[in-house]
Amino acid sequence: MNIATAALAGTLADSGRPWYKSPKLDQYICFWSVPVFYNLFGLVFVPLSWMMPPRSPTNSIDGVVAFMQSPNLLLATTILILCVALSAVGNAVYMSQMRRMAVSPVLRYAFVVGAITGAIVGCLFPMFCFGLGAFREGYDPEVLQLLYDFGYMSFIGCLGCFFLNWSCLGLSILLDEKQTLPRWLGYYTIWQSVTEIFAMTLWVSDSGPFAWDGVMTFWFNMLLYVPWQFIVYFCIYRAIRQQPESELDNAPYVGGAARA
Amino acid sequence: MTEYLRNPLTGVWFALTAITIFSWWIGQGQGSAYQLDAAITVSVLVMAALKAVLVIAWFMEVRLGPAWLKRTTYGWASGLLVLLLLFYWLRV
Amino acid sequence: MNTRGQMIMLWTAPLAGALFLLAYLLFPAFSPPMAPSMSPEEVAAFFNENLAAMRGVVVLANLLGCLLVPLFAVIVVQMLRVINSSPVFAYAYLLCVGIGITAFILADFAWGVALYRPDRDPQLISLLNDMAWFFFIAPAGVLVVQNLCLAGAIYLDARPEPVFPRWVAHFNVVTAALFVPAAFSIMHKSGPLAWNGALSFDLRLLTFTVYVAVMFWVLLKVVNRQVEGEGVAA
Amino acid sequence: MTTTAADTTPRPPAGRAGYMPGEPGMWFFIIGDLFIFAVYFVAYMIYRGQQPELFLHSQQFLSPGIGVINTLILLTSSWCLALGTEAARKGNSAAAFRLLAATFAIGALFPLLKMVEWVPKLAAGHSPGENLFFMYYYVMTGLHLCHVLLGLVIIGFMLRHLRHRASPDIKFIEAGAVYWHMVDLLWLVLFALFYLMR
């Protein structure tokens, strides 16, 4: 394949030029926003809110009230409000790779919808449920439990949007004859989307392995998802680097000028 | 048609069918009483692993494949059998 | 190809602006903005007193939320004309528009549901009101990223004659910074950062108004330049 | 599915030691899928060990008769497919087409019987929410059913491929066949775990 020559061309072109002069700077900026986003995201959901790892659906009402009024939830919500739109940037990074692939744009269009809906119902809204509990003291425990359930179920049970997204991405990778991203990654992405389906059991299961904190619903998915998220961005990083400069949209404008 | 019958794959299919019916018959051994029964479980799981190996070797043609593929797939079948029996016994 | 479609979409912005102004002036929750320190009973009483006006605005805002989409869509179209190595900024911008609008509409719905049965338990009315304010604040955070994406695309435009003038990028960065304080409003119940405070409410809405007005004017020029530059029919 | 040009692919010789059917990417998928299912099977066994009475009691409501017929269905369709793959490899496209058509026809009975099995159970109130056993039963057999349906789609594409191409791309046929055999393989374990063991 021409990957080796492309890598060579990329390396040659990149050499002797400061990073901020790279013609792919827009892609790199968006790409590096992803680790920023996931760090903030991790910060929000783990050490600030302690929402993750998921608390039990069988949590006592006192436990629910104590959690829903923990003080850092509001800081976590604030940070999430500021960074939730970075998920859009991360998804745009996928989309610009999908655009390079030799597949129909229909996969990208479907991806757009999944990405928008997912950001609201799978990310912002759940955190708001917890933030609302912390915002005002004195709500009835039943009200707080409603928010608790709604928050967890929409965060972990939000499978449709992500199933759509990862299926579109996986299918694009597999159908792409140019092999912009490796085929095995396409298969891995398909598993990732299929395991999302397991989350549907949490809507009918209130304890055990199929509840929202269960082994089958949550932990196995994490086992597959966390490495996938790292690997997929690593592959995308490689794909950006290896994209020949002649293929870039701005090639006619910077290519000649920069080398001259 | 006879050419298919003489094909070794047909022998494999026949063996798989026979094992399936045999394991079903064993499973029905107790009639309607459903109780813990290690003998049934062990024999049924061993037969399932055996069938799995037959499918892997002959239908998926792993018996002709590279060594790493054999190790991985046969290892999968035997490892799964061992783990299933282990946890059947351990009852953690 | 011609720019008639873009022009029509663009000219919905003044209409949207006028309706926004009307809604803002009519919405009792905004003039003056409700204090976050109000107790559930006070909130319920407030809703009961202003039922008709608030319901009217909620109905109107349901439409309003989407009336600004055409303006943002024209921005996306022009961002796709900007030449970077890929359309990644335009894609991100498009996704941001979707997220921001959805949050705005959810805010509207939370208010609408609260007003639907004003004799509901005051706690629930207050909860819906809080939820509405949360969702009303969320688009500010989205706008921060959204504006930075537009700025990034403009800074890196490789065209000899850029689509957007450079100062538009600076302008977007400045407005993005001005939206940041609003996100902190859920951490404060009083003072300038509370959701009825000077920084979170007045500054934010003022910034947004100026932003939309300036972008409207910029886009008029940009689309007209596209007509001249590319010879597309007006 | 695959990009290899049929005409340039050398036909494997008669003695094919070290030959891997299908494309390597497909094997990555197969092996990964096997391991994912293995994790689920072991988890099932662990949870079963915690409440054996509940599992045994619920097991009585399954229909082992339909289970064994479905096993035989999958085994037979796999057999036809294996014969068909061999025929295609020998260049006998017509025979391969007939055998794959048989594979499809027999395999298509599986989802039908699954419905015959599920619908009365659901009607009798044995839903996934009833207990852990039924949750596992519906989730695992449902996930497997998705694999079966995908497999039927793939076989459909293989049939179309065989009909329209004078010299079929053998790698594609092999890859689809390996997938279908994997579906068969997973069912063999599912059958033992859910219907037979005690």
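Here's a walk through the fold of chain B and then the largest pocket, all in a predicted model.

Start with chain B, which is a helices-only affair in terms of regular elements: 4 helices and 0 strands. Reading from the N terminus, the order is simply α-α-α-α. Now look at the overall dimensions. The C-alpha trace of chain B spans about 45 × 35 × 10 Å along its principal axes. The radius of gyration tells a related story: chain B comes in at 16 Å, while a compact globule of 92 residues would sit near 12 Å.

How much of chain B is buried? Counting residues under 20% relative accessible area, buried ones make up 48% of the 92. As for the surface, chain B exposes about 4600 Å², and carbon and sulfur atoms supply 73% of that area. Contacts reach along the sequence too: take the contacts in chain B with a separation of 6 or more, and 60% of them join residues 24 or more positions apart.

Next, the largest pocket, with a volume of about 1200 Å³. Which residues lie nearest its centre? Those are Tyr38(A), Phe41(A), Met222(A), Tyr225(A) and Gln229(A), out of a lining of 42 residues. Several helices of chain A give two or more residues to this lining: H2 (25-48), H5 (86-100), H6 (106-135), H7 (141-156), H8 (160-175), H9 (183-197) and H10 (215-242). If you're wondering about the chemistry of the wall, the lining has 28 nonpolar, 13 polar and 1 charged residues.

Conventions:
Residues numbered from 1 in each chain as written. Chains lettered and ligands numbered in written order. Predicted model: local features only at pLDDT ≥ 70, side-chain atom pairs only at ≥ 80, totals over all residues. Heavy atoms only, no water. 1 Å grid on protein atoms, 1.4 Å probe; cavity = no way out; pocket = protein on both sides within 12 Å on 5 of 7 lines; lining within 4 Å. Points joined across faces, edges and corners; volume = space filled by probe spheres on them. Nonpolar A, V, L, I, M, F, W, Y, C, P; charged D, E, K, R; others polar. Rg over C-alpha atoms; globule rule 2.2 N^0.38 Å. Buried < 20%, exposed > 50% of the residue type's maximum accessible area, 1.4 Å probe, protein only. Contact = heavy atoms within 4.5 Å. Areas by Shrake-Rupley, 256 points an atom, 1.4 Å probe, with all protein chains shown as cover.
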